[in-house]
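Student: I'd like a close look at one small part of this protein, and then a walk outwards from it to whatever surrounds it. Please take it step by step, with the structure in view.

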Amino acid sequence: MTEIGLPADVRACLFDLDGVLTPTALVHAAAWKEMFDAFLRERDGDGFRPFDPVGDYDAYVDGRPRADGVRTFLASRDIELPEGEEDDPPEAATVHGLGNRKNLLVLEKIRTEGVRPYPGSVRYVEAVRAAGLRTAVVSSSANCRDVLVSAGIEHLMDVRVDGLTILERGLRGKPKPDTFLEAAKDLGVTADQSAVFEDALVGMDAGREGKFGYVVGVDRVGQAEELRRHGADTVVTDLADLLGRRA
Ligand SMILES: O=P(O)(O)OC[C@H]1O[C@@H](O)[C@H](O)[C@@H](O)[C@@H]1O
């Protein structure tokens, strides 16, 4: 049997979606930038300080549920907006209005560009399933199912905990470990029998706080050191790098 690079007592793999299974972290980052830059320009004029799709995205938005991303970035610029309602129109200057504005942009990009999974991630997920481990996708995105379907990989996940589950079950989003713990529970395993696969720093924090058996940092943007500092047990640039390796 192929070695899968995990401790022998790991029974389940909990995969983040955007940036781990699919390259959609870049699509999200671009949509966030387009939305925040338009908002900041309207507010501050042409001299506005743009949203940095690497630094600001990693620190304030990546991996968090949508509304938390809006709140955390605005707080970093000392901007306060009313919460508004979840179904606020995209032009509303509220937390949910801005979130909905960004969602229209992300959906349009996904529709026009399509989604292909990372080939190395597909090979790895197939290998862990062949080895008898169970699999879950654990994403803050409310668009998780649509992205899995577009990428043709929905059938590779036994359980899905996503942005909609967070709202339905009242879970706290990453950096809290609730979504990963919920997926482990749904799979019938404990946290220490589960491995977490994440590209976001808040996902590392969730892995550490939830005391998961193993945390794999997936480095797509050259932040291996940061991922380690936030608790990664190992860092890879492609999930297939784990194949043939012992933990
Ligand atoms: O807006 P959505 O699709 O519900 O996604 C929420 C967040 O989901 C995370 O997976 C992404 O890393 C973030 O960039 C995104 O903002």
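Tutor: Let's begin at Lys211, which sits in the loop between helix H9 and strand E5 (214-218). Keep in mind that this is a predicted model. The backbone at Lys211 has a positive phi of about 55°, although this residue is not a glycine. Is Lys211 buried, partly exposed or exposed? There are 13 C-beta neighbours inside 10 Å, so Lys211 counts as partly exposed; the exposed class ends at 12.

Now step back from the loop to H9 itself. The chain is assigned two domains, domain 1 (12-23 + 115-242) and domain 2 (26-113). Their centres, taken over C-alpha atoms, are separated by 24 Å. Where the two meet, domain 1 supplies 18 residues to the contact and domain 2 supplies 13 residues. On the domain 1 side, the elements giving two or more residues are helix H6 (144-151), helix H7 (163-169) and helix H9 (201-209). H9 gives the most to that side, with 3 residues. Sorted by class, the face that domain 1 turns to domain 2 has 9 nonpolar, 7 polar and 2 charged residues.

H9 also takes us inwards, to helix H8 (178-187), whose buried residues pack against H9, H7, strand E1 (12-15), strand E2 (134-138), strand E3 (159-161) and strand E4 (194-198). Of the 10 residues of H8, 7 are buried, so this helix is largely enclosed by the rest of the structure. If you'd like to pick them out on the display, they are Asp178, Thr179, Phe180, Leu181, Ala183, Ala184 and Leu187. The backbone has a notable feature on either side of H8. In the loop between H7 and H8 you will find Pro175, and a cis peptide bond with omega of about 20° joins Lys174 to Pro175. Just after H8, Gly188 takes a positive phi of about 75°.

Phe180 of H8 leads on to the largest nonpolar core, which has 67 residues. Phe180 is among the residues with the most contacts inside this core, and the others are Leu14, Ala136, Val137, Ala195, Phe197 and Val216. Helix H1 (residues 24-44) contributes the most to the core, with 7 residues. Why can we place this core between the domains? Domain 1 and domain 2 both give residues to the core, so it lies between them. For a closer view of one member, try Val137: apart from neighbours within four places in sequence, Val137 is in contact with Phe15, Leu17, Leu21, Cys144, Leu148, Met157 and Arg160.

H1 also carries a residue worth a visit, Arg41. With 13 other C-beta atoms within 10 Å, Arg41 is partly exposed. Not counting residues up to four places away in sequence, Arg41 touches Asp46 and Phe48. To get a feel for the scale, compare Arg41 with Arg245: these two are 204 residues apart along the chain, and their C-alpha atoms are separated by 49 Å.

From here, move along to helix H3 (residues 66-76) and helix H4 (residues 95-113), which pack at an angle of about 115° with their axes 9 Å apart. H3 passes H4 in a right-handed crossing. On the H3 side the contact uses Arg66, Ala67, Val70 and Arg71, while H4 brings Val95, His96, Leu98, Gly99 and Asn103. That contact has 4 nonpolar, 3 polar and 2 charged residues.

Phe73 is also in H3. Phe73 counts as buried because it has 20 C-beta neighbours inside 10 Å, and 20 is where the buried class starts. Beyond four places in sequence, the contacts of Phe73 are Phe36, Asp56, Tyr60 and Val61. Tyr57 is 16 residues from Phe73 in sequence and 8.4 Å away in space, C-alpha to C-alpha.

Last, have a look at the loop between H3 and H4, where Asp78 is placed. Asp78 brings us back to the theme of our starting point: it has a positive phi of about 55° although it is not a glycine. Asp78 is exposed, with 6 other C-beta atoms within 10 Å, whereas Lys211 counts as partly exposed.

Methods. Residues are numbered from 1 along each chain as its sequence is written. This is a predicted model: local features need pLDDT of at least 70, side-chain atom pairs count only at pLDDT 80 or more; totals for chains, interfaces and linings use all residues. A nonpolar core is a set of buried Ala, Val, Leu, Ile, Met, Phe, Trp, Tyr and Cys residues joined through C-beta atoms within 7 Å. Helices (H or I, at least four residues) and strands (E, at least two) are DSSP runs, numbered from the N terminus. Domain bounds come from an automatic or database domain assignment. Two residues are in contact if their C-beta atoms, placed from the backbone, lie within 7 Å. Axes are lines fitted to C-alpha atoms, for helices over the stretch in contact, and angles run from 0 to 180 degrees between N-to-C directions. A crossing is left-handed if the near helix is turned anticlockwise from the far one by less than a right angle, and right-handed if clockwise. Ala, Val, Leu, Ile, Met, Phe, Trp, Tyr, Cys and Pro count as nonpolar, Asp, Glu, Lys and Arg as charged, and the others, Gly among them, as polar.
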